[in-house]
Amino acid sequence: MDLFDELTHLGVDVSGGVSRLGGNKALYKRLLGSFVKSIKEYDIQIDFDENDYDEIIKKAHAIKGIAGNLSITPLYDGYAQIVSFLRNAEPRNAKEVLKKILPVQNEITACIEKHLN
Amino acid sequence: MYKEKTILIVDDMEINRIILAEIFKDNYNILQACDGDQAIEIINSNPDISAVLLDLIMPGTDGLGVLRDMKKSGRIAIVPVFLITAEENEKTLIEGYHLGAVDVIRKPFMAHFLKHRINNIVELYGHRNDLAKIVEEQVARLNHLNQSMIEILATAVEFRDCESGEHVKRIAGMTKALMTEVSKRYPEYYMTADEIDKISKSSVLHDIGKISIPDSILTKPGKLTPEEYEIMKQHTVKGYEFLMQFPNIIDESTYKYSCDICRYHHERWDGRGYPDKLKGDEIPIWAQVVSVADVYDALTAERVYKKPFSHEKAVDMIKNGECGLFNPKLIEAFEALTPG
């Protein structure tokens, strides 16, 4: 399977993402590479402080935005829930969601890295 | 391909900027900023930006900070700003709208709709800005025309007085310079540059009442008899009454200056002027300024009954009270303007 097939299999809406870029597949591929870099940069640890998480909201919000724009739907949905829980002062629920989506996130980033390297 | 319009994309996430740039690259020149401070710098140094796509949450100066700066500089009225947001944060969005943002773009971007929405609004703003420019130019032309008519009227009156028409222009110039100096030196007389400009324009009408003075008095080469002098003094009140009949000749604030200047430009600081014998600051400062300008010009100009005095002699005469007493602060400002 090529990168796009594998990502589709992992729940990514590849055709939606490519169409947002006017059909430019090469650019989409390049942006997937940038996405992996951003995810690493905006790394959110599962044991974040439940009393001080303003920075976590910002990071989750940023990941949500780029995941949405690249149509990486499972991560977009997950981080949307995390942001929402954190804004409602429910950090424990946010952590539950994070626990569920981190393996998906790792799978998606590993897949992109494998194909781009 | 030549692109006439420029769009600024402001987002701290490069991926979002690249996607937006890709969506708009065919129709616009693209500028990008990765934070609010950079955005403000680009906006202020690029007067031709057609639209700003602005992320709200950014490190440093955020999207609302950029909007505040644009509101302060007035750019928000001519450049449409679209807020980029990934969620429903009602309070922030409402604040954004209050600061002048025109619309909200939600992430993930819907490329097709986004293109249409932004193109439509950019086009609308373009038409609106063009119309505003046309109206502004027409207002300026009308004002210029109006001022020309007023100057023609004032000059026509002056011609009877054997003046060339240069007198009113000199008075306007001196009034502007002196009023500016007075305003700068004394907070109690502070006026904006715009108001000073109106006062200067109003000053050309100071002697309009001379239209009612008979030629035999107005152009008499010798000294006026006491009776003739009383008639001559009437030009202040006559000018005022004349203007009172035409309240629409100029805009409201300029009209007030013109009426005051006509009536009070022969009043003196010690109450020994005419027609109302006002004293001190009972005389509006704009009329006081025109008095000094008028006296200086009368002294330094040649008249049928006298040769011109030198600048130095004229300044001395004004300082010594030979032409009546003036506000000492005005004299100080006048001396500062005419050194030596």
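**Figure 1. The largest nonpolar core of the predicted model.** In this predicted model, the largest nonpolar core comprises 67 residues. The residues with the most contacts inside this core are Val52(B), Leu53(B) and Val81(B). Helix α5 of chain A, residues 73-87, supplies the largest share of the core, namely eight residues. Apart from this core lies another, of 42 residues, which includes Ala172(B), Ile208(B), Cys259(B) and Val290(B).

**Figure 2. Surroundings of Leu53(B).** Leaving aside residues up to four places away in sequence, Leu53(B) touches Ile7(B), Ile9(B), Val10(B), Leu20(B), Phe82(B), Ile84(B) and Ile105(B). Leu53(B) is also listed among the residues with the most contacts inside the largest nonpolar core.

**Figure 3. Helix α5 of chain A.** The 15 residues of α5(A) should span 21 Å at 1.5 Å a residue, and the C-alpha atoms at its ends are 21 Å apart, so the expected and computed values agree. The buried residues of this helix are Leu75(A), Tyr76(A), Gly78(A), Tyr79(A), Ala80(A), Ile82(A), Val83(A), Phe85(A) and Leu86(A). An α-helix has 3.6 residues a turn, so residues three or four places apart point the same way. The buried residues of α5(A) pack against two helices of chain A, α4 (54-69) and α6 (91-116).

**Figure 4. Ala89(A), following helix α5 of chain A.** Ala89(A) comes after α5(A) and lies in the loop between α5 and α6 of chain A. Its phi is near 60 degrees, a positive value in a residue other than glycine. Ala89(A) counts as exposed because it has 10 C-beta neighbours inside 10 Å, the limit for this class being 12 or fewer.

**Figure 5. Overall arrangement of chain A.** The secondary structure of chain A consists of six helices and zero strands, giving the pattern α-α-α-α-α-α along the sequence. Of its 117 residues, 38% count as buried. Among the contacts in chain A between residues at least 6 apart in sequence, 59% join residues at least 24 apart.

**Figure 6. Contact between chain A and chain B.** The contact takes 20 residues from chain A and 14 residues from chain B. On the side of chain B that touches chain A, helix α1 (residues 14-24) gives the most, with six residues. By class, this side of chain B has nine nonpolar, four charged and one polar residues.

**Figure 7. The open sheet of chain B.** Five strands of chain B form an open sheet with parallel pairing, in the order β2-β1-β3-β4-β5. The edge strands β2 (28-33) and β5 (103-106) of chain B each pair on one side only. From one strand to the next, the twist averages 25 degrees.

**Figure 8. Pairing of strands β1 and β3 in chain B.** Strand β1 (residues 5-10) and strand β3 (residues 49-55) of chain B run parallel and are joined by five bridges. Within this pairing, Ile7(B) stands opposite Ala51(B) in β3(B). Ile7(B) is also one of the residues that Leu53(B) touches.

**Figure 9. Cis peptide bond before Pro108(B).** Lys107(B) and Pro108(B) are joined by a cis peptide bond with omega of about -5 degrees. Pro108(B) is found in the loop between β5 and α5 (111-160) of chain B.

**Figure 10. The loop between helices α11 and α12 of chain B.** A second view of a cis peptide bond shows the one that joins Tyr274(B) and Pro275(B), where omega is about 10 degrees. Pro275(B) is found in the loop between α11 (252-264) and α12 (285-300) of chain B. Lys277(B) is also found in the loop between α11 and α12 of chain B. Although Lys277(B) is not a glycine, it has a positive phi of about 55 degrees. Lys277(B) counts as exposed because it has 12 C-beta neighbours inside 10 Å, and exposed residues are those with 12 or fewer.

**Figure 11. Gln234(B), between helices α9 and α10 of chain B.** Gln234(B) is found in the loop between α9 (226-233) and α10 (235-244) of chain B. With 18 C-beta neighbours inside 10 Å, Gln234(B) counts as partly exposed. The C-alpha atoms of Gln234(B) and Gly209(B) are separated by 7.7 Å, the two residues being 25 residues apart along the chain.

Methods. Residues numbered from 1 in each chain as written. Chains lettered and ligands numbered in written order. Predicted model: local features only at pLDDT ≥ 70, side-chain atom pairs only at ≥ 80, totals over all residues. Core = buried A, V, L, I, M, F, W, Y, C linked by C-beta atoms within 7 Å. Buried ≥ 20, exposed ≤ 12 C-beta atoms within 10 Å, placed from the backbone. Helix = DSSP H or I, 4+ residues; strand = E, 2+ residues; numbered from the N terminus. Contact = placed C-beta atoms within 7 Å. Expected span 1.5 Å × (residues − 1). Nonpolar A, V, L, I, M, F, W, Y, C, P; charged D, E, K, R; others polar. Pairing = 2+ DSSP bridges. Axes fitted to C-alpha atoms, helices over the stretch in contact; angles between N-to-C directions.
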